[in-house]
Amino acid sequence: LSEHSHDVAVLSHALAVLTNKRFNGQVDIGRCVLLALYHDTTEILIGDMPTPVKYYNPELRKAYRKVENMSGNKLLSMLPPDMRDEYEPLLLADDRWREERRIVRAADKLSALIKCVEEQDQGNREFDKALRSTQKAVRDMNLPAADYFLKEFLPSYRLTLDEQE
């Protein structure tokens, strides 16, 4: 979880910078990174559910969100009361920082996509379908910075060390 959260934070930072510098956005870059670092924290208590299962149908997704919210509230209750307000927006889903959360979701998908690329490059064909569906999911987000990342940066993940300059 720590490695994944770090990867998503780094990707969120890149997407936020691209959004602001190349696409006239006004997202809070630091908030993107912070949300990314905590984006899967509720899984400490409830574990992870595979994406195809989590998004299988709207009822299941709604039920999983409820469980995530319960986990977030449990984690909040474990903090000293004077610290809870700082962590609440990081542990509980809400409408605050909508665009920043959208960037984190795209970064999370890009992290999964990069994992697929790495697995394919190791000869693991099991990730072929996942790569295609994850790439489509990123494109379907209609986030210019994510589209730019796919075009300009994703190909470099296939380069060997000798090919990198």
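These exercises, each with a worked solution, use the predicted model shown above.

**Exercise 1. Ring geometry**

Classify the ring pairs Tyr-148/Phe-153 and Phe-149/Tyr-157 as stacked, tilted or edge-to-face.

Solution.
- Step 1. Set the scope. The whole structure holds five aromatic pairs.
- Step 2. Take Tyr-148 and Phe-153. Their ring centres are 6.0 Å apart and their planes stand at 65°. The cut-off for edge-to-face is over 60 degrees. The pair is therefore edge-to-face.
- Step 3. Take Phe-149 and Tyr-157. Their centres are 6.3 Å apart, with planes at 40°. Stacked requires under 30 degrees, and edge-to-face over 60. An angle of 40° meets neither condition, so this pair is tilted.
- Step 4. Place the pairs in context. Phe-23, Tyr-148, Phe-149, Phe-153 and Tyr-157 form a cluster linked by ring pairs.

**Exercise 2. Cover over the rings**

Assign Tyr-148, Phe-149, Phe-153 and Tyr-157 to buried, partly exposed or exposed.

Solution.
- Step 1. Recall the limits. Buried is under 20% relative accessible area, exposed is over 50%, and partly exposed lies in between.
- Step 2. Phe-149 has 4%, so Phe-149 is buried.
- Step 3. Tyr-148 has 24%, so Tyr-148 is partly exposed.
- Step 4. Tyr-157 at 33% is partly exposed. Phe-153 at 35% is partly exposed too.

**Exercise 3. Salt bridges**

Work out which partners Arg-96, Glu-99 and Arg-125 have in salt bridges.

Solution.
- Step 1. Start from the principle. Side chains of opposite charge can pair when their charged atoms come close.
- Step 2. Note the total. The structure has nine salt bridges.
- Step 3. Arg-96 meets Asp-94, at 2.7 Å from N to O. Arg-96 is partly exposed at 39%, and Asp-94 is partly exposed at 25%.
- Step 4. Extend the link. Asp-94, Arg-96 and Arg-101 belong to a network of salt bridges.
- Step 5. Glu-99 pairs with Arg-102, at 3.0 Å from N to O. Both sit in helix α7, three residues apart, about one turn of the helix. Glu-99 is partly exposed at 32%, as is Arg-102 at 21%.
- Step 6. Arg-125 bridges to Asp-128, with the closest N and O atoms 3.1 Å apart.

**Exercise 4. Surface patches**

Identify the residues that make up the negative patch and the nonpolar patch.

Solution.
- Step 1. The negative patch gathers Asp-82, Asp-85, Glu-86 and Glu-88 on the surface.
- Step 2. Locate one member. Asp-82 lies in the loop between α5 (58-77) and α6 (84-91). With a relative accessible area of 64%, Asp-82 is exposed.
- Step 3. The nonpolar patch covers about 420 Å² and consists of Leu-1, Ile-44, Leu-45, Ile-46 and Val-67.
- Step 4. Find the main contributor. Helix α3 (residues 43-46) gives the largest share, three residues.
- Step 5. Leu-1 belongs to the segment before α1 (2-22). Leu-1 is partly exposed at 49%.

**Exercise 5. Sequence against space**

State how far Met-83 is from Leu-143, and Gln-120 from Trp-97, in sequence and in space.

Solution.
- Step 1. Place Met-83. This residue is in the loop between α5 and α6, and is partly exposed at 34%.
- Step 2. Met-83 and Leu-143 are 60 residues apart in sequence, and 33 Å apart from C-alpha to C-alpha.
- Step 3. Place Gln-120. This residue is in helix α7 (residues 98-121). Its relative accessible area is 11%, so Gln-120 is buried.
- Step 4. Gln-120 and Trp-97 are 23 residues apart in sequence, and 35 Å apart from C-alpha to C-alpha.

Technical notes
Residues numbered from 1 in each chain as written. Predicted model: local features only at pLDDT ≥ 70, side-chain atom pairs only at ≥ 80, totals over all residues. Heavy atoms only, no water. Patch = residues over 30% accessible without salt bridge, like charges linked within 9 Å, V, L, I, M, F, W, Y side chains within 5 Å. Areas by Shrake-Rupley, 256 points an atom, 1.4 Å probe, with all protein chains shown as cover. Salt bridge = Lys/Arg side-chain N within 4 Å of Asp/Glu carboxyl O. Lys, Arg positive; Asp, Glu negative; His and termini not counted. Charge placed at Lys NZ, Arg CZ, Asp CG, Glu CD. Helix = DSSP H or I, 4+ residues; strand = E, 2+ residues; numbered from the N terminus. Buried < 20%, exposed > 50% of the residue type's maximum accessible area, 1.4 Å probe, protein only. Phe/Tyr/Trp six-rings, centres within 6.5 Å; stacked < 30°, edge-to-face > 60°.
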